[in-house]
Amino acid sequence: MRKKINIQTDSEINPVAEIWIQHLIQRIIVEQLDLPHRLQAKLLHQKNSKESENNDSNKRKHNKV
């Protein structure tokens, strides 16, 4: 006799994995634009700088409370 078993896991919020996936997707999109390497690097650097500034300001807001 066979017994059917359903296995489920709780959803997990992992901010590090989310940031890594966002960076990966951004990199893929920029590479598909067929731009010179220096311009690709500049775009990725600007995007990363803006995200890190936003993350820093959000951390400061939460720490002041």
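Visitor: Why is Ile25 called partly exposed?
Guide: In this predicted model, the relative accessible area of Ile25 is 45%. Buried would require a value under 20% and exposed one over 50%, so a residue at 45%, as Ile25 is, belongs in between and is called partly exposed. Ile25 is found in helix H1.

Visitor: What makes the nonpolar surface patch?
Guide: The patch, of about 830 Å², is made by Trp20, Ile21, Leu24, Ile25, Ile28, Ile29, Leu33, Leu39 and Leu43. A residue counts towards such a patch if its relative accessible area is over 30% and it has no salt bridge, and Ile25, with its 45%, meets the first of these conditions.

Visitor: Which helix gives the most to the nonpolar patch?
Guide: That is H1, with six residues, although H1 and helix H2, which covers residues 37–64, each supply at least two.

Visitor: How do you know that the length of helix H1 agrees with what its 18 residues should span?
Guide: At 1.5 Å a residue, the 18 residues of H1, numbered 15–32, should span 26 Å, and the C-alpha atoms at its two ends are 26 Å apart, so the two values agree. Just after H1, Asp34 takes a positive phi of about 55°.

Visitor: Why is Gln26 called buried?
Guide: Gln26, also found in helix H1, has a relative accessible area of 17%, and because the limit for buried is under 20%, Gln26 is placed in that class. If residues up to four places away in sequence are not counted, Gln26 touches Leu44, Lys47, Asn48 and Glu51.

Visitor: What makes Glu51 buried?
Guide: Glu51, which is found in helix H2, likewise has a relative accessible area of 17%, and as this is under 20%, Glu51 is called buried. Leaving out residues up to four places away in sequence, Glu51 touches Gln22, His23 and Gln26. Glu51 and Ile19 are 32 residues apart in sequence, while their C-alpha atoms are 9.5 Å apart in space.

Visitor: Why is Gln40 called buried or exposed, whichever it is?
Guide: The relative accessible area of Gln40 is 11%, and since buried means under 20%, Gln40 is buried. Gln40 is found in helix H2 and, with its neighbours within four places in sequence left aside, is in contact with Val30, Glu31 and Leu35.

Visitor: How do you know that Arg27 forms a salt bridge with Glu31?
Guide: The closest N and O atoms of Arg27 and Glu31 are 3.3 Å apart, and because a salt bridge requires such atoms to be within 4 Å, the pair qualifies. A search of the whole structure finds one salt bridge.

Visitor: Why are Arg27 and Glu31 separated by about one helical turn?
Guide: The two are four residues apart in helix H1, which means that about one helical turn separates them. An α-helix has 3.6 residues a turn, so residues three or four places apart point the same way.

Visitor: What makes Arg27 partly exposed, and why is Glu31 described that way too?
Guide: Arg27 has a relative accessible area of 47% and Glu31 has one of 42%. Neither value is under 20% or over 50%, so both residues are partly exposed.

Visitor: How many helices and strands does the protein have, and what share of its residues is buried?
Guide: The protein has two helices and zero strands, and buried residues make up 8% of its 65 residues. Its accessible surface comes to about 6,900 Å², of which 54% belongs to carbon and sulfur atoms.

Notes. Residues are numbered from 1 along each chain as its sequence is written. This is a predicted model: local features need pLDDT of at least 70, side-chain atom pairs count only at pLDDT 80 or more; totals for chains, interfaces and linings use all residues. Side-chain values use heavy atoms; hydrogens and water are left out. The expected span of a helix is 1.5 Å times one less than its number of residues. Patches are made of residues with over 30% relative accessible area and no salt bridge: like charges are joined within 9 Å, nonpolar side chains (Val, Leu, Ile, Met, Phe, Trp, Tyr) within 5 Å. Accessible areas come from the Shrake-Rupley method with a 1.4 Å probe; for residues, only the protein chains shown count as cover. A salt bridge is a side-chain nitrogen of Lys or Arg within 4 Å of a carboxyl oxygen of Asp or Glu. Buried means under 20% relative accessible area, exposed over 50%, partly exposed in between (1.4 Å probe, protein chains only). Contact means heavy atoms within 4.5 Å.
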